[in-house]
Amino acid sequence: GWFTAVPDIRIGIEEGTYLEGPGFAFAMVRGRGRHDGPFGPIPATGRPVDFPVWELLRFDADGKVASGALMYDQLMLLTQLGVAPAAA
């Protein structure tokens, strides 16, 4: 749904926010673009979005991805889309 909702999405790794070690890799990236398509039940707003995304990958003994998790600040994104009220 991301590429439908934000067809021009750009993902960039933030300086100093990539870590790796035995069996894992962690990165904080930023997602940027314009909300020009439906995002689930939310119709296109045409608004720009800029939000952090955290990704954690775990690797098996052969170095292949065994599992992963992707997290982002949903409230920040919904606020930028005008769906949730901004903090007072």
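This is a short dialogue on reading aromatic pairs, a cavity and a pocket in a predicted model.

User: Let's start with the rings. How is a pair of aromatic rings described?

Analyst: A pair of aromatic rings is described by two things, the distance of the centres and the angle of the planes. In this structure there are 4 aromatic pairs. One of them joins Trp2 and Phe39, with 5.0 Å centre to centre and 45 degrees between the planes. Planes under 30 degrees apart would be stacked and over 60 edge-to-face, so the pair of Trp2 and Phe39 counts as tilted.

User: Where do Trp2 and Phe39 lie?

Analyst: Trp2 is in helix H1 (residues 2–5), while Phe39 sits in the loop between strand S2 (24–34) and strand S3 (48–59). The two parts are 37 residues apart in sequence, so the pair ties them together.

User: Is Phe39 buried or exposed? And what about Trp2?

Analyst: The idea is to check relative accessibility against a cut-off: under 20% is buried, over 50% is exposed, and in between is partly exposed. Phe39 comes out at 18%, so Phe39 counts as buried. Trp2 has 25% and therefore counts as partly exposed.

User: Which residues form the aromatic cluster?

Analyst: Trp2 and Phe39 are joined by Phe51 and Tyr72 in one aromatic cluster.

User: On to the empty space. How many cavities of 30 Å³ or more are there?

Analyst: A cavity is space where the probe fits but cannot get out. By this rule there is 1 cavity of 30 Å³ or more, and the largest cavity holds about 40 Å³ of space. Its lining includes Trp2, Phe39 and Phe51 from the aromatic cluster, along with Ala5, Val6, His35, Val49, Leu77 and Leu81. H1 and S3 each give at least two residues to that lining.

User: What is the lining of the largest cavity like by class?

Analyst: By class there are 8 nonpolar residues, 1 polar and no charged ones.

User: And the largest pocket: what is its volume, and which residues line it?

Analyst: A pocket, unlike a cavity, is an open set. The largest pocket here has a volume of about 200 Å³. Trp2, Phe51 and Tyr72 are among its lining residues, and so are Phe3, Ile9, Ile11, Val29, Val53, Glu55 and Leu70.

User: Which element gives the largest share of that lining?

Analyst: S3 does, with 3 residues. H1, S3 and strand S4 (65–72) each supply at least two. By class, the lining of the largest pocket has 9 nonpolar residues, no polar ones and 1 charged.

How values were computed: Residues numbered from 1 in each chain as written. Predicted model: local features only at pLDDT ≥ 70, side-chain atom pairs only at ≥ 80, totals over all residues. Heavy atoms only, no water. Phe/Tyr/Trp six-rings, centres within 6.5 Å; stacked < 30°, edge-to-face > 60°. Helix = DSSP H or I, 4+ residues; strand = E, 2+ residues; numbered from the N terminus. Buried < 20%, exposed > 50% of the residue type's maximum accessible area, 1.4 Å probe, protein only. 1 Å grid on protein atoms, 1.4 Å probe; cavity = no way out; pocket = protein on both sides within 12 Å on 5 of 7 lines; lining within 4 Å. Points joined across faces, edges and corners; volume = space filled by probe spheres on them. Nonpolar A, V, L, I, M, F, W, Y, C, P; charged D, E, K, R; others polar.
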